[in-house]
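Here are a few exercises to work through with the model open in your viewer. Try each one yourself before you read the solution.

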Amino acid sequence: MAIELRNVTKRFGAFTALEDICLRVGDGTLTALLGPSGSGKSTLLRIVAGLERPDTGNVMIGVHDVTRTPARSRGVGFVFQNYAPFKHMTVQDNVAFGLAVRKRPKAERRARARELLALVRLEELAERYPSQLSGGQMQRMALARALAVEPKVLLLDEPFGALDVKVRAELREWLRRLHEEIHVTTIFVTHDQEEAMDVAERIVVMNAGRIEQIGPPSELYESPRNEFVMSFVGPVNRLGNTFVRPHDIQRWCRGSCTSASRCGSSSRCPTVATSGRR
């Protein structure tokens, strides 16, 4: 199901969180909202989910204008950074909770929960409680719970932010594989450029409530639209007032240094003279 935001603006008092946002997310795609803290990423996600209402503009899911549609009626699955499990329920009952609220038959709830636990590789932990799970397992349970009601759209707000580096890397790979299996339109928020470039098919780079650039990771890296995108997406070095990629410096060194032993040995060599790699 495609998502479209048309001229969306959102203010909180005197603070403008989003300003005239126009964005289309294609059906079945995996898209990252990337930017620093305060850039408007989570606000945009919450507006799509129906947890916030824009001051101006419209939100479309498929062919339907859902700007004033309550969150519970939008067909959206939402996973917060805080997984908020029901501690007194088993993993299986946590996953089936949304179906229980919709008063689906018990046998259907159990079958659907088992199917999803197998999908997220937690079938052997169905009878455990959240306190018995690792952080990575808890995240997979949260995703299974969001998928249980068969959402048209899946929204993930900093889904791996609370996990350590090794687990985050493993879950990034797992999320890519999962998306290939279920093909639900997915948007996830992150401030981690490596995470966005590793997982997403398209990246929306945001800054100060505006969209700076949209494109596949390779395009943002090779053809940044402005200095902000250049400095935020991928590693960079600063040469005076100019940002350059490490591979550009390597090419310059190969063309400028007379021997491999001299390259990088002089203060005039940018490999030594520059700093600020990100």
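**Exercise 1: the sheet**

In this predicted model, an open sheet of 6 strands runs in the order β6-β7-β8-β3-β9-β10, with mixed pairing. Work out which strands sit at the edges and which helices pack on the sheet, taking α1 and then α5.

*Solution.*
- Start at the ends: β6 (76-79) and β10 (210-215) are the edge strands, since each pairs on one side only.
- Going from one strand to the next, the twist averages 15°.
- Now pick a neighbouring pair: β7 (residues 153-157) and β8 (residues 185-190) run parallel and share 5 bridges. Within that pairing, Leu156 has Phe188 in β8 as its bridge partner.
- Next, add helix α1 (residues 41-49), which packs on the sheet and touches β3 (30-34), β6, β7, β8 and β9 (202-207). The direction of α1 makes about 150° with that of β7.
- Finally, helix α5 (residues 135-147) packs on the sheet too, touching β6 and β7, and its direction makes about 165° with that of β6.

**Exercise 2: salt bridges and exposure**

Take the pairs Arg104 with Glu108, Glu181 with Arg121 and Glu194 with Arg172. For each, find the closest N and O distance, then sort the residues into buried, partly exposed or exposed.

*Solution.*
- Arg104 and Glu108 have their closest N and O atoms 2.9 Å apart. Arg104 has a relative accessible area of 32% and Glu108 one of 34%, so both land between the 20% and 50% cut-offs and count as partly exposed.
- Glu181 and Arg121 come in at 3.9 Å, which still makes a salt bridge because the limit is 4 Å. This pair links distant parts of the chain, 60 residues apart: Glu181 is in helix α6 (residues 165-182), and Arg121 is in the loop between α4 (106-119) and α5. Glu181, at 47%, is partly exposed, and so is Arg121, at 49%.
- Glu194 and Arg172 are 3.4 Å apart at their closest N and O atoms. Glu194 lies in helix α7 (residues 193-199) and Arg172 in helix α6, so this bridge ties together parts 22 residues apart in sequence. Glu194 is exposed at 51%, whereas Arg172 is buried at 8%.
- One last step: follow the shared partners, and Arg172, Arg176, Glu194 and Asp198 join into one network.

**Exercise 3: the whole chain**

How many helices and strands are there in the protein chain, and what share of its residues counts as buried?

*Solution.*
- Count the elements: 11 helices and 12 strands.
- Then check burial: 47% of the 278 residues count as buried.

Key:
Residues numbered from 1 in each chain as written. Predicted model: local features only at pLDDT ≥ 70, side-chain atom pairs only at ≥ 80, totals over all residues. Heavy atoms only, no water. Pairing = 2+ DSSP bridges. Helix = DSSP H or I, 4+ residues; strand = E, 2+ residues; numbered from the N terminus. Axes fitted to C-alpha atoms, helices over the stretch in contact; angles between N-to-C directions. Contact = heavy atoms within 4.5 Å. Buried < 20%, exposed > 50% of the residue type's maximum accessible area, 1.4 Å probe, protein only. Salt bridge = Lys/Arg side-chain N within 4 Å of Asp/Glu carboxyl O.
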